[in-house]
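Got your viewer open? Load the model, set it to cartoon, and keep the selection box handy for the stops that come next.

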Amino acid sequence: MVALEALGLASAEIFSYNRENFQFDNDQRIHRDVQRVNMQIERFNLFREDIEDLVNLTVAKMDMYHLVSAVVLGFTTSIFTEGRVTGEAPPCFIAIYFMTIACGWIFLLLTAWLSMYASVASHSLGVRLRTLRAIADSKSA
C-alpha cells in the first residue's frame, strides 16, 4: 500500500514538474503563429500597395502623354488645314512640307492611341496582379 502511495505521489510530481513550462511554451507558440500570420498579411498588403503605386505611376505618365499628344495633334491639324505657304515656292517644297506635316500628324495620332492603350493595359494588369495575389493567398491559407 505504501508503495502505491509513493508511486502516486511520484507520478503527480512528475506530471506537475514540467506543466508550467509546457503551458508557457504553448502560449509562446500561439503568439508566434499569430504574429507570423499578421506579418504575412502586412507583407501582402505591402505587395498590393507596390503594385498599385507602379500602376498609378504608369497610368499618370500615359495620361500626360495622351494630353500632350492630343494638344499637339490639334496644333498640327490647324497647321495642316490653315497653314498655307505664301509667296513663290516650288511645288516639290510644298509637297515635302505637307508630307512632313502629315507624317507628324500620323505619329501624333499613333502616340495618342498607344498612350491610351498603355494606360488601359497597365490598369488591367494591375487588377490582374492584385487578383492573382488574392487567389494565391486564399489557396495557401
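Before clicking on anything, bear in mind that this is a predicted model.

**Stop 1: the whole chain**

Start with everything in cartoon. The protein chain has 3 helices and 0 strands, so from the N terminus on you'll just read α-α-α. Of its 141 residues, 13% count as buried. Switch on a surface if you like: the accessible area comes to about 11,500 Å², and 68% of that belongs to carbon and sulfur atoms. For the contact-map fans, take the contacts between residues at least 6 apart in sequence: 80% of them join residues at least 24 apart.

**Stop 2: helix α2**

Now select residues 19-82, which make up helix α2. That's 64 residues, reaching 94 Å from the first C-alpha to the last, close to the 94 Å expected at 1.5 Å a residue. Which residues of α2 are buried? Show F44, I51, V55, V59, M62, S69, L73 and T76 as sticks, and you have them.

While F44 is up, add R43. The charged end of R43 sits over the ring of F44, 5.6 Å from the ring's centre.

**Stop 3: I51**

Stay in helix α2 and centre on I51. I51 has 16% relative accessibility, so it counts as buried, the cut-off being under 20%. What does I51 touch, not counting residues up to four places away in sequence? Add G126, L129 and R130 to the sticks to see those contacts. If you'd like a distance label, draw one from I51 to G126, C-alpha to C-alpha: the two are 6.3 Å apart in space but 75 residues apart in sequence.

**Stop 4: T76**

Slide along helix α2 to T76. T76 counts as buried because its relative accessibility is 13%, under the 20% limit. Leaving aside neighbours within four places in sequence, T76 is in contact with I101, W105 and L108, so pop those three on screen as well.

**Stop 5: M116 in helix α3**

Next, select residues 91-140 for helix α3, and pick out M116 there. Is M116 buried or partly exposed? At 44% relative accessibility, M116 counts as partly exposed. Draw a C-alpha to C-alpha label to Y65: M116 and Y65 are 51 residues apart in sequence and 8.8 Å apart in space.

**Stop 6: the rings**

Time for aromatics. A pair of aromatic rings is described by the distance of the centres and the angle of the planes. A search of the whole structure finds 4 aromatic pairs. One of them is Y97 with F98, an edge-to-face pair at 5.2 Å centre to centre, with 70° between the planes. Why edge-to-face? Because 70° is over the 60 degrees needed for that label.

Bring in F80 too, since F80, Y97 and F98 form one aromatic cluster. Colour by accessibility and look at the pair again: Y97, at 30%, counts as partly exposed, whereas F98, at 19%, counts as buried.

**Stop 7: the cysteines**

Last, select C92 and C103. How many disulfides does a search of the whole structure find? The count is 0. As for cover, C92 counts as partly exposed at 45% relative accessibility, and C103 counts as partly exposed at 43%.

Conventions: Residues are numbered from 1 along each chain as its sequence is written. This is a predicted model: local features need pLDDT of at least 70, side-chain atom pairs count only at pLDDT 80 or more; totals for chains, interfaces and linings use all residues. Side-chain values use heavy atoms; hydrogens and water are left out. Helices (H or I, at least four residues) and strands (E, at least two) are DSSP runs, numbered from the N terminus. The expected span of a helix is 1.5 Å times one less than its number of residues. Buried means under 20% relative accessible area, exposed over 50%, partly exposed in between (1.4 Å probe, protein chains only). Rings of Phe, Tyr and Trp (its six-membered ring) pair if their centres lie within 6.5 Å; planes under 30 degrees apart count as stacked, over 60 as edge-to-face and the rest as tilted. A charge sits over a ring if NZ of Lys or CZ of Arg is within 6 Å of the ring centre and within 35 degrees of the ring normal. Contact means heavy atoms within 4.5 Å. Accessible areas come from the Shrake-Rupley method with a 1.4 Å probe; for residues, only the protein chains shown count as cover. A disulfide is a pair of cysteine sulfur atoms within 2.5 Å.
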